[in-house]
Amino acid sequence: MQINKLTPSFAAEIVGADVAALTDADFAAIMEAFLAYQVIVIRGQSLAPAEQKDFSRRFGELDFHISSKNKHKDHPELLILSNKKINGEWVGATAAGDEWHTDTQYTPVPSKCTMLHALEVPEEGGETAFINTYAAFEDLDEATRDRIADLRSINSWNRLKNPRVKVPEQHGDGKSTYDIGHPDVVHPIVRTHPETGRKALYVSPRHTLFVDGMDEDKSEELLQELFAAQQRPDHIYVHKWRLGDIVIWDNRCTLHKGMGGIKPPGIRHLHRTLMQGSVPV
Ligand SMILES: O=C(O)CCC(=O)C(=O)O
């Protein structure tokens, strides 16, 4: 197994692994890379849904996706991300993560990590981009770090409450998918990673609505400043999918988004699992 860094600050690819037949020592090396690099890309795998679930469980118990839509019919813990249509029906979520976000930030106990496995990939487009939110925090000036140290934010599943984002076309007016009464949650803006002890900037344009207790305009001004700090080009890795890739990212210290732009007739078909995390502190 070989580990190659993909950017100077984070993300690494692992080649020469067979995740369906890993020794404990191999898994320990993968786990170490996951904690060190935040996003890991394991090349050349071909996992059936049950095998993906088994591998996912080595990282933690599986989480279910909030929406009842786009789940694998025999394996509801697997979400399907796909631009494929069969008999005129979408077979998966077409634009699930089209805005910068970290997964399940809208729940009291957000997911630890997410795994995507590429079963079909387009020639052009469909990349997934990642932000290193440790670096985003560490690169803030000291005054800003002090200012946000004890602030908290309100985070929501409901796109209809967030003027920064649109409802994907697949979900019509969005009411049945997003306006489902899921309660908003409060989380610290600076989060300490429970395993590495490092601090990360834990806000996202998709889920973070407001800074708790702050006037609306001031809140948006501060959030825009923090989003810009996150989106600095040197904090970003853009993943071009290859067939058989497994990408696992740490939701506690990264943001991500799907870049879209798949050039027809390209098909992108991915299986997604989520692993349970802990209450952000
Ligand atoms: O489709 C993508 O590239 C991103 C998917 C995503 O945001 C997610 O799985 O949480």
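P265 lies in the loop between strand 17 and strand 18 (269-275), and in this predicted model the peptide bond that leads from P264 to P265 is cis, with omega near 0°. Most peptide bonds, by contrast, are trans, and most residues other than glycine have a negative phi. Two residues of the model depart from the latter tendency. A11, although not a glycine, has a positive phi of about 75°, and N87, likewise a residue other than glycine, has a positive phi near 50°. A11 is placed in the loop between strand 1 (2-5) and strand 2 (12-15), whereas N87 is found in the loop between strand 6 (85-86) and strand 7 (89-90). The surroundings of the two residues are as follows: A11 counts as buried because 23 other C-beta atoms lie within 10 Å, where 20 or more are required, while N87 counts as exposed because 5 other C-beta atoms lie within 10 Å, where the limit is 12 or fewer.

Strand 17 also takes part in an open sheet of three strands, which follow one another in the order 15-9-17 with antiparallel pairing. Strand 15 (236-239) and strand 17 (254-258) are the edge strands of this sheet, each pairing on one side only, and the twist from one strand to the next averages 20°. Strand 9 (residues 128-132) is joined to strand 15 by four bridges, and these two strands run antiparallel; within this pairing, A129 of strand 9 stands opposite V238 in strand 15.

A second open sheet, again of three strands and with antiparallel pairing, has the order 11-10-14. Here the edges are formed by strand 11 and strand 14 (208-211), each of which pairs on one side only, and the twist averages 35° from one strand to the next. Strand 10 (residues 152-155) and strand 11 run antiparallel and are joined by four bridges, in which S153 has H187 as its bridge partner in strand 11 and I154 has V186. In a regular strand, the side chains alternate between the two faces of the sheet. Strand 11 (residues 185-188) has a covered face with V185 and H187, and an uncovered face with V186 and P188.

The loop between strand 10 and helix 5 (175-178) contains S156, a residue that is buried because 20 other C-beta atoms lie within 10 Å, which meets the requirement of 20 or more. Apart from neighbours within four places in sequence, S156 is in contact with Y106, K161, N162, D184, H207 and L209. The C-alpha atoms of S156 and Y178 are separated by 9.5 Å, although the two residues are 22 residues apart along the chain.

The largest nonpolar core comprises 56 residues, among which V39, I40 and L201 touch the most other members. When residues up to four places away in sequence are not counted, L201 touches T133, A136, F137, V190, L226, A229 and Q230.

Around the ligand, the surrounding residues are L81, A96, G97, D103, T114, L116, T128, H256, G258 and R272. Two or more residues of this shell are given by each of two elements, strand 8 (113-120) and strand 17. By character, the residues of the shell divide into three nonpolar, five polar and two charged.

Conventions
Residues are numbered from 1 along each chain as its sequence is written. This is a predicted model: local features need pLDDT of at least 70, side-chain atom pairs count only at pLDDT 80 or more; totals for chains, interfaces and linings use all residues. Two strands pair if DSSP finds at least two bridges between them. Axes are lines fitted to C-alpha atoms, for helices over the stretch in contact, and angles run from 0 to 180 degrees between N-to-C directions. A nonpolar core is a set of buried Ala, Val, Leu, Ile, Met, Phe, Trp, Tyr and Cys residues joined through C-beta atoms within 7 Å. Two residues are in contact if their C-beta atoms, placed from the backbone, lie within 7 Å. A residue is near a molecule or strand if its C-beta atom, placed from the backbone, lies within 6 Å of it. Ala, Val, Leu, Ile, Met, Phe, Trp, Tyr, Cys and Pro count as nonpolar, Asp, Glu, Lys and Arg as charged, and the others, Gly among them, as polar.
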